Structure formats: structure tokens, C-alpha cells
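Please look through the sequence and the structure shown here before reading the briefing that follows. The notes are grouped by topic and are meant for someone who has not met this structure before.

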Amino acid sequence: MKEEKIKEFIQAIHSAFSILSNARGYISHKLLQNEECPNRFILIAHWNSLEDHLEGFVGSTAFEQ
């Protein structure tokens with residue numbers, strides 16, 4: 001990701017977190033930004049089950065947003 005797009009990405013992903021956190025089976029999430037390479041991120045999301053994630057979230061219309 002280009003450095004000038006980092007703030008835009010962070011804003012977009014934070015707006016998506018409201019959709020994520022309302023999904024069935026969602027437990028929690030954490031977005032980590034690499035301190036040495038600030039254009040690299042890791043998103044960790046915890047779900048009740050793989051089915052909740054794949055069918056309840058990824059397969060939903062909310063995910064398409």
C-alpha cells in the first residue's frame with residue numbers, strides 16, 4: 001500500500017468494523033499496523049465458528065459492502 005493511502009485505508013477499515021461487529025458469531029477483532037513498515041497491516045478476527053465467518057459473514061450481503 002502506498003504511504004499516502006494509509007490514512008484512507010484506516011478510515012475505510014474502521015467504518016467496516018461496525019458491519020463486522022454486528023455479524024452473527026462475531027467475538028472480537030484487532031487491527032495491527034507494523035511499526036517498521038507502516039503500510040503493512042494484520043487483521044485478527046475471532047469468531048464462534050468457521051461457519052459463522054464463512055457463511056454468516058463472508059457469504060452475507062453486508063460483506064459485499
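At its relative accessibility, does Phe9 count as buried or partly exposed? Phe9 counts as partly exposed, because its relative accessibility is 26% and the partly exposed class covers the range between under 20% and over 50%. The model is a predicted one, and every value below is computed from it.

**Overall build**

- The chain contains three helices and two strands, and along the sequence these elements follow the pattern α-β-β-α-α.
- Of the 65 residues in the chain, 17% are buried, while the chain as a whole exposes about 5100 Å², of which carbon and sulfur atoms supply 51%.
- Among the contacts in the chain with a separation of 6 or more, 35% are accounted for by residues that stand 24 or more positions apart.

**Aromatic pairs**

- A search of the whole structure finds two aromatic pairs.
- One of these joins Phe9 and Phe41, whose ring centres are 4.8 Å apart and whose planes stand at 50°, so the pair is tilted.
- Because Phe9 lies in helix H1 (residues 6-21) and Phe41 lies in strand S2, this pair ties together parts that are 32 residues apart in sequence.
- Tyr26 and Trp47 also form an aromatic pair, which is edge-to-face, with 5.9 Å from centre to centre and 80° between the planes.
- Tyr26 belongs to strand S1 and Trp47 to strand S2, and the pair links these distant parts of the chain, which are 21 residues apart.
- Both members of this edge-to-face pair are buried, Tyr26 as well as Trp47.

**Salt bridges**

- A search of the whole structure finds two salt bridges.
- In one of them Lys5 is joined to Glu8, and the closest N and O atoms are 3.7 Å apart.
- Lys5 is partly exposed, since its relative accessible area is 40%, and Glu8 is likewise partly exposed, with a relative accessible area of 48%.
- A salt bridge is also formed where the side chains of Asp52 and Arg24 meet, at 3.4 Å from N to O.
- Since Asp52 lies in helix H2 and Arg24 in the loop between H1 and S1, this pair ties together parts that are 28 residues apart in sequence.
- Asp52 counts as buried because its relative accessibility is 10%, which falls under the 20% limit for that class.

**Around Ser49**

- Ser49 is placed in the loop between strand S2 (41-47) and helix H2 (50-58), and with a relative accessibility of 29% this residue counts as partly exposed.
- A polar atom of the Ser49 side chain lies 3.0 Å from the backbone nitrogen of Asp52, the residue whose own side chain meets that of Arg24 in a salt bridge.
- Between Ser49 and Arg24 the C-alpha atoms are separated by 10.0 Å, although the two residues are 25 residues apart along the chain.

**A nonpolar patch on the surface**

- Leu32, Ile42 and Ile44 make a nonpolar surface patch of about 240 Å².
- Leu32, a member of this patch, lies in strand S1 (residues 26-33) and is partly exposed, with a relative accessible area of 36%.

Technical notes
Residues are numbered from 1 along each chain as its sequence is written. This is a predicted model: local features need pLDDT of at least 70, side-chain atom pairs count only at pLDDT 80 or more; totals for chains, interfaces and linings use all residues. Side-chain values use heavy atoms; hydrogens and water are left out. Helices (H or I, at least four residues) and strands (E, at least two) are DSSP runs, numbered from the N terminus. Buried means under 20% relative accessible area, exposed over 50%, partly exposed in between (1.4 Å probe, protein chains only). A polar contact is a pair of N or O atoms within 3.5 Å; within protein, one must be able to donate a hydrogen and the other to accept it, and residues adjacent in sequence count only if both atoms are side-chain atoms. Patches are made of residues with over 30% relative accessible area and no salt bridge: like charges are joined within 9 Å, nonpolar side chains (Val, Leu, Ile, Met, Phe, Trp, Tyr) within 5 Å. Accessible areas come from the Shrake-Rupley method with a 1.4 Å probe; for residues, only the protein chains shown count as cover. A salt bridge is a side-chain nitrogen of Lys or Arg within 4 Å of a carboxyl oxygen of Asp or Glu. Rings of Phe, Tyr and Trp (its six-membered ring) pair if their centres lie within 6.5 Å; planes under 30 degrees apart count as stacked, over 60 as edge-to-face and the rest as tilted. Contact means heavy atoms within 4.5 Å.
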